[in-house]
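Open the model in a viewer and keep the sequence panel in view. The stops below go from one residue pair outward to the whole chain, then end at a single side chain.

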Amino acid sequence: MTATATRPLNVTEAIESRRSIRKYVQEPMNQDDLREILRLASLAPSAWNAQTWRFAVVQDPAVKAQLQEAAYGQGQVTNAPAVIVVYSDMEDTLQTVEDTAHPGMGDAGRTGQRTTFDNVFGHQDVAQRGQWGLSQANIAFGFLMLAARGLDYDTVPMLGFQPDKVKAILGLPEHVQFAGLLPIGKRAEDGFPHHRHSVERLTTFY
Ligand SMILES: Cc1cc2nc3c(=O)[nH]c(=O)nc-3n(C[C@H](O)[C@H](O)[C@H](O)COP(=O)(O)O)c2cc1C
């Protein structure tokens, strides 16, 4: 299924047509589209608007090859024109937390944001608050996949890699936590049809 869709897809179309794609058309990413997908993902919500997610975009073939090695040789890493590495950096979030207060709240909002975060996270260790940061970054990871699909791009979320190796390749600090790697491009295969639990299996109505 390499035919292009009329874009932007609506939300239902994007969700229905997203599937993991591991073979891509061999052409570079349109850089404007790439930025727009990242911008849309940045609109994800987060608790206290903390925006713990960070993106590393890898398009250099040599760096992609290193990522592939860190990902147990999984071919989609080099087959895709770009790989977006999504991680949370809770320490950067805490250091710059005033920036996440809404400007409409003024100086009081900035001070309040600092107080809130110091109270909640000040007594937690780096790993514990890093886990909280990751729970926020995972929301952006989901948004990123659907934003890509909405602009007729395809992706495959990946957690099959060695985090320490990816940190070393990208020069990321030890404390960051990964939502995942996301190879992205135009599909050159159909992927698998959805196979999911029924709503009844998953849901209890009260
Ligand atoms: C967090 C996460 C990690 C995943 N890791 C990998 C991976 O390392 N390699 C891979 O080929 N697929 C990976 N997948 C893709 C899943 O196998 C796939 O999403 C699932 O089978 C459902 O298929 P679909 O995405 O086509 O709907 C991952 C998916 C998620 C959400």
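**Stop 1: a pair across two strands**

Select S88 and Q177: S88 stands opposite Q177, which belongs to strand 4. This is a predicted model. Add Y87 and F178 to the selection; Y87 stands opposite F178, again in strand 4.

Now extend the selection to residues 82-88, which make up strand 2, and residues 177-185, which make up strand 4. The two strands run antiparallel and are joined by 7 bridges. Strands of a sheet pair through backbone hydrogen bonds, either parallel or antiparallel.

**Stop 2: the rest of the sheet**

Select D154 next and look across to G185 in strand 4, which it stands opposite. Strand 3 and strand 4 are joined by 2 bridges and run antiparallel.

In what order do the 4 strands form the sheet? The order is 1-2-4-3, the sheet is open, and the pairing is antiparallel. Colour residues 53-58 (strand 1) and residues 154-155 (strand 3) to mark the edge strands, each of which pairs on one side only.

Return to strand 4 and switch on a surface. Is this strand enclosed or open to the outside? Since 9 of its 9 residues are buried, strand 4 is largely enclosed by the rest of the structure.

**Stop 3: the helices across the sheet**

Select residues 126-150, helix 7. This helix lies across strand 1, strand 2, strand 3 and strand 4, and runs at about 15° to strand 4.

Then select residues 163-170, helix 8. Helix 8 lies across strand 1, strand 2 and strand 4, with an angle of about 70° to strand 4.

**Stop 4: the annotated range**

Select residues 15-186, where an unreviewed UniProt entry places the feature "domain: Nitroreductase". Within this range the chain is 48% helix and 14% strand. The C-alpha atoms at the two ends of the range are 16 Å apart.

**Stop 5: the whole chain**

Clear the selection and show everything as a cartoon. The chain has 9 helices and 4 strands, and along the sequence they follow the pattern α-α-β-α-α-β-α-α-α-β-α-β-α.

Along the principal axes, the C-alpha atoms fill a box of roughly 50 × 45 × 35 Å. The radius of gyration is 18 Å, which agrees with the value near 17 Å for a compact globule of 206 residues.

Colour by accessibility: 43% of the 206 residues count as buried. The accessible surface comes to about 11100 Å², and 55% of that belongs to carbon and sulfur atoms. Among contacts with a separation of 6 or more, 80% are between residues 24 or more positions apart.

**Stop 6: Q76**

Zoom in on Q76, which is found in helix 4 (residues 76-79). Is Q76 buried or exposed? Its relative accessibility is 6%, so Q76 counts as buried; the cut-off for buried is under 20%.

Which residues does Q76 touch, not counting those up to four places away in sequence? Show R22, Y24, V156, M158 and P183 as sticks: these are the contacts of Q76 under that condition. To finish, draw a distance between the C-alpha atoms of Q76 and M158: they are separated by 9.8 Å, with the two residues 82 apart along the chain.

Key
Residues numbered from 1 in each chain as written. Heavy atoms only, no water. UniProt positions renumbered as here; feature names shortened; annotations may be inferred. Pairing = 2+ DSSP bridges. Contact = heavy atoms within 4.5 Å. Axes fitted to C-alpha atoms, helices over the stretch in contact; angles between N-to-C directions. Buried < 20%, exposed > 50% of the residue type's maximum accessible area, 1.4 Å probe, protein only. Rg over C-alpha atoms; globule rule 2.2 N^0.38 Å. Areas by Shrake-Rupley, 256 points an atom, 1.4 Å probe, with all protein chains shown as cover.
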